[in-house]
Every structure is written in structure tokens, then in C-alpha cells.
Amino acid sequence: YALGDVTHLRVVYEKLRDKLEKNGRDHWVAEEMAHLNDPAIYQVDPRETWRRLKVRSTKPKFLAILREVAALREEEAQRRDIPRNRVMRDDAVTEIAAHAPKTLADLSSLRALHQGQIGGAMGEAILAAVERGARMKTADCPVPAPQRTQGNRNGPATDLLKVLLKVKCDAHGVAQKLIASSDDIEAIALDDNA
């Protein structure tokens with residue numbers, strides 16, 4: 001099965017390579033590949049993975065527990081070399097942070113966890129992470145990134161930048177989403193140094 005995929009992908013690769021060389025864009029791929037081949041972009045700081053979670057609360061203790069539990073999940077995922085959501089789903093991490101369980105019985109009452117995640121060393125590790133977060137002084141608790149305001153505060157500039165992006169991308173035969181997202185455009189409209 002895998003051999004069949006590779007066989008077909010080689011033909012696709014050769015056609016794309018030839019087209020890139022013809023258009024003088026083969027250096028684009030080389031630049032992207034150099035970035036993707038850099039091991040540093042794959043190194044994840046477990047203590048920062050909490051920032052990827054979508055949460056509404058900005059209470060310091062909630063965020064402290066969230067950071068500790070998310071770090072535990074990341075370390076376990078890296079140790080076992082599996083996706084983090086196979087260790088514990090995002091909703092389980094946020095539910096643990098919201099309820100701050102103190103005992104295995106408290107932990108087992110949470111809906112987002114199953115018994116396999118609670119039993120043994122993992123349950124104890126989760127409780128230890130919760131305790132570390134709960135004991136943290138408020139001044140040492142993590143601070144969420146500033147929330148972007150909803151809505152477009154710089155409508156005309158954003159619209160103009162989107163039109164400029166479209167014109168340039170059409171002229172060069174490049175998809176707009178490869179160059180900039182809507183969030184990128186809005187950030188540039190709001191701040192020249194974005």
C-alpha cells in the first residue's frame with residue numbers, strides 16, 4: 001500500500017519540480033524545506049503548551065493548574081511518542097483545571113476522563129500537577145496573551161491590503177493563503193511592524 005503511494009507521488013513530484021524550475025520558483029521550495037528541516041521548530045516547551053488551548057477563564061489559579069496539567073500531558077506524549085490528545089483530550093485538560101480535583105474520587109467524577117487515564121501513575125501525576133498549580137502564588141501564575149478585539153478596527157486599510165494581496169498573487173500565480181491569512185492582513189493593518 002505504501003509502495004503504491006510513493007510510486008504515484010514520485011510522478012507528481014517530478015511534474016511539480018519541473019514546473020517550479022520553469023517558473024524560477026524552485027528556490028521557494030528549498031527555502032521552505034530548510035525551515036521544515038530545522039529540528040528547533042519541532043521542539044515544544046511543555047510549559048507553554050497550555051497556550052494552545054481555547055479557554056475563557058483568565059483566573060490565575062485556573063491558568064496555573066491548566067499549565068501544569070498541559071505540561072504533564074505534553075511530557076507524557078513526548079515520552080510515549082504519541083499525539084498529545086491520545087494521552088488526554090483538550091477538554092479533559094480544561095475540565096481538570098476548572099474543577100481542581102484533590103482526590104482520585106474527584107478525578108474519576110470528571111466526565112472528560114476515562115478510567116484508564118485515572119488509574120495508576122497517571123492519576124497520581126494529574127493530582128500532583130493540580131496541586132502544583134493550586135499552590136502557585138498569584139504573582140507566579142501564567143498570564144494569557146492579550147485578546148484581540150473582535151471586529152475589524154481598521155476596515156479600509158485591511159480591505160486595501162486584501163485587494164493588494166489578491167492583485168499581486170494573481171499576477172504571480174500564487175494562492176493568497178500561501179502568502180498571508182486574514183489574521184496576518186489585519187495585524188499588518190493595525191501595526192506596521194507586525
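**Exercise 1. Is R84 buried, partly exposed or exposed, and what is its relative accessibility? Then find its salt-bridge partner.**

Some ground rules before we start: this is a predicted model, where local features need pLDDT of at least 70, side-chain atom pairs count only at pLDDT 80 or more, and totals for chains, interfaces and linings use all residues. Residues are numbered from 1 along each chain as its sequence is written, and side-chain values use heavy atoms, with hydrogens and water left out.

*Step 1.* Get the cut-offs straight: buried is under 20% relative accessible area, exposed is over 50%, and partly exposed is in between (1.4 Å probe, protein chains only). R84 comes out at 24% relative accessibility, so call it partly exposed.

*Step 2.* Look for a salt bridge, meaning a side-chain nitrogen of Lys or Arg within 4 Å of a carboxyl oxygen of Asp or Glu. R84 pairs with E74, and their closest N and O atoms sit 2.6 Å apart.

*Step 3.* Place both ends on the helices (DSSP runs of H or I, at least four residues, numbered from the N terminus). R84 is in α4 (residues 84–87) and E74 is in α3, so the bridge ties together parts 10 residues apart in sequence. E74 is buried, at 5% relative accessible area.

**Exercise 2. Which residue forms a salt bridge with E76, and how far apart are the two in sequence?**

*Step 1.* The partner is R79, with 2.6 Å between the closest N and O atoms.

*Step 2.* Both residues lie in α3, three residues apart, about one turn of the helix.

*Step 3.* Check the accessibility at each end: E76 counts as buried at 15%, whereas R79 is exposed at 61%.

*Step 4.* Zoom out: the structure holds 13 salt bridges, and R47, R67, E68 and R132 are linked in a network of them.

**Exercise 3. Work out which helices feed the largest nonpolar core.**

*Step 1.* Define the thing: a nonpolar core is a set of buried Ala, Val, Leu, Ile, Met, Phe, Trp, Tyr and Cys residues joined through side-chain atoms within 4.5 Å. The largest one has 28 residues, and L66, V69, M88, I96, L107, L113 and I126 have the most contacts inside it.

*Step 2.* Sort by helix: α3 (60–80), α5 (90–99) and α8 (120–135) each supply at least two residues. α3 gives the most, with eight.

*Step 3.* Try M88 as a probe, using contact as heavy atoms within 4.5 Å. Skipping neighbours within four places in sequence, M88 touches V69, R73, V93, I96, L113, Q117, M122 and I126.

**Exercise 4. How do α3 and α8 cross?**

*Step 1.* Fit the axes (lines through C-alpha atoms over the stretch in contact, with angles from 0 to 180 degrees between N-to-C directions). The two axes come within 7 Å and cross at roughly 145°.

*Step 2.* List the contact: on the α3 side you'll find, among them, I65, V69 and L72, and facing them on α8, residues including M122, I126 and V130.

*Step 3.* Classify this contact's residues: 10 nonpolar, one polar and five charged. Here Ala, Val, Leu, Ile, Met, Phe, Trp, Tyr, Cys and Pro count as nonpolar, Asp, Glu, Lys and Arg as charged, and the others, Gly among them, as polar.

*Step 4.* Assign the hand: a crossing is left-handed if the near helix is turned anticlockwise from the far one by less than a right angle, and right-handed if clockwise. This one is right-handed.
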